[in-house]
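The report that follows describes the fold of a single protein chain, moving from its main sheet to two chosen residues and then to the chain as a whole. Please keep the sequence and the model in view while reading.

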Amino acid sequence: MKSLKYSGLRAIHFLLVVTGATLAATAQDAFPVEKGGKYSISLGDQRLEIDPATGGRVTSLLLHGRDFLTDSTVNNFNWGSTFWLSPQSDWNWPPSAEIDNKPYTVQVAGKTISMTSAKDPGTGLTVTKEISGDAKTASFLFKYIITNRSDHSQKAAPWEVTRVKPGGIAFFPTGNDQARGGLLRSATVQNGIFWYTYQTDKLPLKGDRQIYADGSKGWLAQVNEGVILIKKFPDIPLDKIAPKEGEIELFASEVTDSNPGYVEIEHQGPYEEIQPGASLTWETVWYLRKLPAGIREETGDGALAGYVQKIVK
């Protein structure tokens, strides 16, 4: 049996990890609040805002009132955090409006917002998003359910696409496949961690502005101006990645004098067969934190990667 002193130290350490990022969440937090047809979930100084009328999209992710995501003033189509079906080669562009930006039906049960799309006319698939907050871990929980409402089998993978401000660093543990894409000039791998730093002068003038990569350990992080967003999700093997896609993908838009641009941090789940009437369920967890003092916001910083590992373990 562990001593009370040791257990107490462990409890204090956990409390510091969770609350050291201004996370004074309480049991009364996490209940969805509706205003004008839109919903918010608060966890202490964090607030997640959701609009069922715009594809069930996450419109804002705030810490101390400051939004970590980009809004529609940066790009009136690609903003906030959305959900797509992978691979993109099945639909090219634009994504299914029913899934990406048209209204979802919404229900609230306890601490969970459940939103369901209309059928995608091309596939007969629908998407349900179940979103809730966990006060104990100060995290936001996302469950995505793809349901096949057609009369024939379909293959698809879940795909979460989150737009953040440029100038930060995206990083994740490397997997078993070599990364590819036009943004590799701004990327490096150090001690098993893949680092991408947004650099305007290294953006490709033509061709793709993406990175396609296999990850490991099931996490992806983005740090920007002292705040970090960590996404935790089930790691998938190479043979479950959708055709021509990556388990983790990054995209960088162009920056102009009149537009600051944005970066997409994306991850995908398993590419699987979905029988008529059946569903594929996929979950991810978001942790938003103020970066602790003493951890540098720098490419290759071992303490930064180690901090994430402690959060997601």
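In this predicted model, 10 strands form an open sheet in the order β7-β8-β9-β10-β21-β17-β16-β12-β14-β13, and their pairing is antiparallel. The edges are taken by β7 (105-109) and β13 (187-190), each of which has a single partner strand, so that one side of each is left without a neighbour in the sheet. On average, and with direction ignored, neighbouring strands of this sheet are turned by 20° against each other. As a general point, strands of a sheet pair through backbone hydrogen bonds, in either a parallel or an antiparallel manner.

Several of these antiparallel pairings can be set side by side, each with one pair of bridge partners.

| Strands paired | Bridges | One partner pair |
|---|---|---|
| β8 (residues 112-116) and β9 | four bridges | T116 and T128 |
| β9 and β10 (residues 139-148) | 10 bridges | T126 and T147 |
| β12 (residues 169-173) and β14 (residues 193-197) | five bridges | I169 and T197 |
| β13 and β14 | four bridges | V189 and F194 |

Strand β9, which spans residues 125-134, is mostly covered, with eight of its 10 residues buried. The hairpin that β9 makes with β10 has four residues between the strands, and A138 takes a positive phi near 50° there. In the hairpin of β13 and β14, by contrast, two residues lie between the strands, and the residue with a positive phi near 50° is N191.

Helix α3, made up of residues 302-312, lies across five strands of the sheet, namely β12, β14, β16 (219-224), β17 (227-232) and β21 (279-290), and runs at about 50° to β17.

Two glutamines show how residues are placed within individual strands. Q222 belongs to strand β16, and because its relative accessibility is 2%, under the 20% limit, Q222 counts as buried. The contacts of Q222, leaving out residues up to four places away in sequence, include F68, V164, K165 and G168, as well as I169, V227, I228, L229 and I265. A170 is also touched by Q222, and the side chain of Q222 reaches the backbone nitrogen of A170 at 3.5 Å.

Is the other glutamine, Q190, buried, partly exposed or exposed? Q190 lies in strand β13, and with a relative accessibility of 32%, which falls between the 20% and 50% limits, Q190 counts as partly exposed. Leaving out residues up to four places away in sequence, Q190 touches W195, T299 and G300. The C-alpha atom of Q190 is separated by 15 Å from that of Q309, a residue 119 places away along the chain.

Taken as a whole, the chain has three helices and 21 strands. For 313 residues, a compact globule would be expected to have a radius of gyration near 20 Å, and the 19 Å of this chain agrees with that value. Along the principal axes, the C-alpha atoms fill a box of roughly 60 × 45 × 45 Å. Of the 313 residues, 51% count as buried, while the accessible surface comes to about 14300 Å², of which 52% belongs to carbon and sulfur atoms. Among contacts between residues at least 6 apart in sequence, 64% join residues at least 24 apart.

Technical notes
Residues numbered from 1 in each chain as written. Predicted model: local features only at pLDDT ≥ 70, side-chain atom pairs only at ≥ 80, totals over all residues. Heavy atoms only, no water. Pairing = 2+ DSSP bridges. Axes fitted to C-alpha atoms, helices over the stretch in contact; angles between N-to-C directions. Contact = heavy atoms within 4.5 Å. Buried < 20%, exposed > 50% of the residue type's maximum accessible area, 1.4 Å probe, protein only. Polar contact = N/O pair within 3.5 Å; in protein donor to acceptor, adjacent residues only side chain to side chain. Rg over C-alpha atoms; globule rule 2.2 N^0.38 Å. Areas by Shrake-Rupley, 256 points an atom, 1.4 Å probe, with all protein chains shown as cover.
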